[in-house]
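Reader: I would like to go through a model with you, taking one helix and then the charged pairs. Could you show it?

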Amino acid sequence: MTGQEGRVRIIDGKYEVLRELSAGGMVTLSEVRAAEGVTRHVAWFAVSTPADRQVFHAYRTALRALEPAGLTDVVARPGAYYAVWKPVGGQPLAAALEQKVRPQETVDAVQALAARLAGQGYALADAEIVVEDQTAQIAYLTPLNAPRTPDDIAARNAQTLAPLQKGRVRRRREPGAWLTFVPGLLLLGGAVYLGSQAVNIYLNPPVRDVVSVTGQEAKVAARALTDAGFRVEYTQGQAGGRAIGSIIRQDPAGGTKLPMGRLVTLTVNNPPAIEVPRLEEMNLDQARDALKDRNMLIGKVLKVDGTLSNTAEGRVIAQLPEAGSSAQRGQAVQLLISTGVSGKETWLPNLTGLTYEQARAHARAAGLVVTSVERQPSDKAENSVLEQTPAPYVRVTVGSPVKLTIASARYSAPSRPAGDLPLPPAYVPPVPVEPEAPAEPVTPEPTAPTPDSTPVTPDSVPALPEAPATPEIPPSNAATRTVTFEYVFPADLPDGNYAILVRDADGERVVRSAAPADTLANQRASGDIPVRGDAVFIIRRDGVDYATVTP
């Protein structure tokens with residue numbers, strides 16, 4: 001990792017950055033001062049994805065094969081991927097090739113180095129090469145995101161080696177070189193015979209049995225076939241239970257008779273990468289089962305003190321490769337196992353209300369392990385802690401188990417949708433009936449007065465009360481129309497009885513009678529409803545408006 005100490009940048013806590021030389025893609029090359037005071041160059045890889053990690057590992061593989069003279073160290077661990085280079089004395093390759101007279105040994109050394117670089121997918125221009133004492137050495141190798149193709153390498157090397165076409169090469173002289181004329185004259189006499197034999201062999205190559213190389217490592221298999229006189233080509237495949245990089249089949253099969261120089265195709269086992277599971281806090285049996293599901297194995301197991309990390313005995317502290325990284329099927333994972341926390345007591349705070357992830361983090365920080373989780377229906381937030389054992393602030397031994405009770409939702413969606421809820425026929429209001437007009441009052445005829453009666457006069461007849469006027473109903477101009485109603489009750493519908501009503505120009509009426517929540521949760525109610533004027537649908541819970549829907 002890189003860090004800051006005051007205003008000085010430090011790489012991996014060991015290299016003080018003096019200046020940045022170049023930056024391209026994921027690689028930054030810096031001049032640094034090492035702990036012993038010497039100057040070095042550090043190529044730092046900013047690894048953030050599995051693809052970046054694969055690029056670095058391919059670069060490291062090429063370095064191991066080429067063994068550059070300038071390489072002093074390669075570091076590959078989570079958070080720190082880099083290579084350290086030292087200065088190498090000698091003449092730059094370009095200057096050595098521009099000389100008018102070049103020793104044959106130098107030319108041979110450069111061409112041999114070009115072949116080695118090409119074998120790893122690099123060209124001469126991808127490396128800083130110096131020549132000293134007629135020997136070509138690699139002072140620095142530039143990282144590539146992907147190996148170059150053979151055609152690209154050949155084109156680049158031809159451009160780099162173009163100066164060889166100019167000037168001349170000083171041939172190597174061996175003692176007694178004049179004696180070579182004698183065997184040369186002898187060989188000259190058989191040249192015609194050998195030439196005729198070569199033509200015959202070329203036109204009629206000998207037939208040999210193809211060597212069976214199934215199960216062998218790819219390079220070993222290719223070498224065996226080329227030594228037998230055949231050409232080799234690779235193709236990718238996958239097979240369970242076979243080592244990565246081994247040959248799973250060959251075409252033609254072993255034992256087939258084939259003329260020399262013919263092509264043999266080898267299928268190399270290269271299964272797709274898989275993701276490494278997280279094994280921290282697991283015991284060995286749990287880790288073995290988790291890796292078995294990914295066709296992976298437990299590799300080297302180291303036991304370390306778990307006091308600093310508060311990790312209980314027998315639990316995984318760390319793993320390599322780390323969780324989430326890419327790996328191949330059958331690959332082994334190294335584990336660091338805790339030997340326990342010696343002589344310590346600890347306690348847990350009140351975890352009620354925390355999420356399960358937060359509670360597990362508190363338990364691990366206290367050196368405890370969550371071994372039991374129970375779920376209980378509750379109105380609290382889902383996955384929040386309801387109860388804990390041990391109780392808050394009770395002192396227990398480090399490594400003790402922790403039991404948590406976690407809230408779960410009271411209501412869950414049905415396994416199969418029940419379909420739309422049917423709605424009753426639409427309510428049609430009755431046509432209002434106008435009241436009949438009151439009858440005309442009848443005026444009684446005057447009668448002859450009797451001796452005992454008071455004469456009836458128009459002024460003495462009491463006036464009848466006037467009949468109340470019939471109230472006029474204002475005409476409604478709203479036209480009747482049909483609207484589509486649709487509403488989905490939520491899965492977490494609270495308890496109660498729910499009814500559906502509509503309010504329009506005719507007032508408010510029930511569209512669907514009340515029903516309990518457990519029959520409506522996660523259901524859809526829909527239908528075509530006739531209304532007059534503006535309308536709004538009301539979902540009412542126990543007489544209180546719960547939601548409204550405007551069509």
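Author: The questions below deal with a helix and with salt bridges in this predicted model.

Reader: What span does helix H3 reach from its first C-alpha to its last?

Author: Helix H3 covers residues 104–119, which is 16 residues. At 1.5 Å a residue the expected span is 22 Å, and the value found in the model is close to that, namely 23 Å.

Reader: Which residue with a positive phi follows H3?

Author: Within the helix, Gln104, Thr106, Val107, Val110, Leu113, Ala114 and Leu117 are the buried residues. After H3 comes a residue whose phi is positive, near 85°, and this residue is Gly121.

Reader: Is Arg33, the salt-bridge partner of Glu16, buried or exposed, or in between?

Author: Glu16 in strand E3 and Arg33 in strand E4 lie 17 residues apart in the chain, and their closest N and O atoms are 3.5 Å apart. Glu16 has a relative accessible area of 29%. Buried would require under 20% and exposed over 50%, so Arg33, at 35% relative accessibility, counts as partly exposed.

Reader: Which helix holds Arg364, the residue that meets Glu281 in a salt bridge?

Author: The two side chains meet at 3.5 Å, N to O, and both residues are partly exposed, Glu281 at 23% and Arg364 at 24%. The pair links distant parts of the chain, 83 residues apart, with Glu281 in the loop between strand E18 and helix H8, and Arg364 in helix H9.

Notes:
Residues numbered from 1 in each chain as written. Predicted model: local features only at pLDDT ≥ 70, side-chain atom pairs only at ≥ 80, totals over all residues. Heavy atoms only, no water. Helix = DSSP H or I, 4+ residues; strand = E, 2+ residues; numbered from the N terminus. Expected span 1.5 Å × (residues − 1). Buried < 20%, exposed > 50% of the residue type's maximum accessible area, 1.4 Å probe, protein only. Salt bridge = Lys/Arg side-chain N within 4 Å of Asp/Glu carboxyl O.
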